[in-house]
Amino acid sequence: MIEGFVNANLEAVVTLHVQDQAGRTREVDAVIDTGFNGYLALPPTLVAGLGLPVVGDGEAILADGSEAVFDVYGVTLWWNGQSRYVETGAVGLDPLVGMSLLDNQNLSIDVTNGGRVAIQSLE
């Protein structure tokens with residue numbers, strides 16, 4: 001199970017353990033974004049700091065209706081006790097967990113400042 005908290009902005013936050021290019025693990029706090037259907041979005045500065053490899057390019061329609069084109073990178077993270085490889089866009093200012101990463105998971109959020117966030121596998 002992955003546990004997190006709701007911050008003062010009422011955002012559900014979980015700590016991810018992502019691997020850099022050398023295989024070292026780094027903790028990253030990420031906001032759960034139920035309006036994002038991808039796996040993971042990481043800020044360009046974090047992607048550069050992790051030395052992640054480019055695996056392609058992506059494009060998305062943002063909440064304001066504008067289109068964004070961005071590089072896509074490969075990243076390995078620990079998710080519910082298992083190593084998992086996903087693709088991430090180098091976009092935005094904050095790390096985001098998308099709905100594809102939450103596929104086959106139960107997400108529970110106590111929506112209050114300091115509330116509990118829990119993600120548990122349905123398998």
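## Glu59 and the negative patch

Glu59 lies in strand β5. In this predicted model, Glu59 has a relative accessible area of 58% and is therefore exposed, since the cut-off for that class is over 50%.

Glu59 is one of the residues of a negative surface patch, which also takes in Asp57, Glu67 and Asp71. Two elements, β5 (54-61) and β6 (67-79), each give two or more residues to the patch. Membership requires over 30% relative accessible area and no salt bridge, and the 58% of Glu59 is the value behind its exposed state.

## Salt bridges

Side chains of opposite charge can pair when their charged atoms come close. The structure contains two salt bridges.

One of them joins the side chains of Arg116 and Glu3, with an N to O distance of 2.9 Å. The two residues belong to distant parts of the chain: Arg116 is in strand β10 (residues 116-121) and Glu3 is in strand β1 (residues 2-6), with their positions 113 residues apart in numbering. Arg116 has 38% relative accessibility and so counts as partly exposed, a class that runs between the limits of 20% and 50%.

Asp20 and Arg24 form another salt bridge, in which the closest N and O atoms are 3.1 Å apart. The partners differ in exposure. Asp20 is classed as buried because its relative accessible area is 14%, and the limit for that class is under 20%. Arg24, with a relative accessible area of 56%, is exposed.

## Secondary structure

The protein chain has one helix and ten strands. Read from the N terminus, the order of elements is β-β-β-β-α-β-β-β-β-β-β. Strands β5 and β6, the elements that supply two or more residues each to the negative patch, come directly after the helix in this order.

## Overall dimensions

What radius of gyration does the protein chain have, and how does this value stand against that of a compact globule? The radius of gyration is 14 Å, and a compact globule with 123 residues would have a value near 14 Å, so the two agree.

Along the principal axes, the C-alpha atoms fill a box of roughly 35 × 35 × 25 Å. Of the 123 residues in the protein chain, 37% are buried. Asp20, with a relative accessible area of 14%, is one of the buried residues.

Definitions and conventions:
Residues are numbered from 1 along each chain as its sequence is written. This is a predicted model: local features need pLDDT of at least 70, side-chain atom pairs count only at pLDDT 80 or more; totals for chains, interfaces and linings use all residues. Side-chain values use heavy atoms; hydrogens and water are left out. Patches are made of residues with over 30% relative accessible area and no salt bridge: like charges are joined within 9 Å, nonpolar side chains (Val, Leu, Ile, Met, Phe, Trp, Tyr) within 5 Å. Accessible areas come from the Shrake-Rupley method with a 1.4 Å probe; for residues, only the protein chains shown count as cover. A salt bridge is a side-chain nitrogen of Lys or Arg within 4 Å of a carboxyl oxygen of Asp or Glu. Lys and Arg count as positive and Asp and Glu as negative; His and the chain ends are not counted. The place of a charge is taken as NZ of Lys, CZ of Arg, CG of Asp or CD of Glu. Helices (H or I, at least four residues) and strands (E, at least two) are DSSP runs, numbered from the N terminus. Buried means under 20% relative accessible area, exposed over 50%, partly exposed in between (1.4 Å probe, protein chains only). The radius of gyration is taken over C-alpha atoms; the globule rule is 2.2 Å times the number of residues to the power 0.38.
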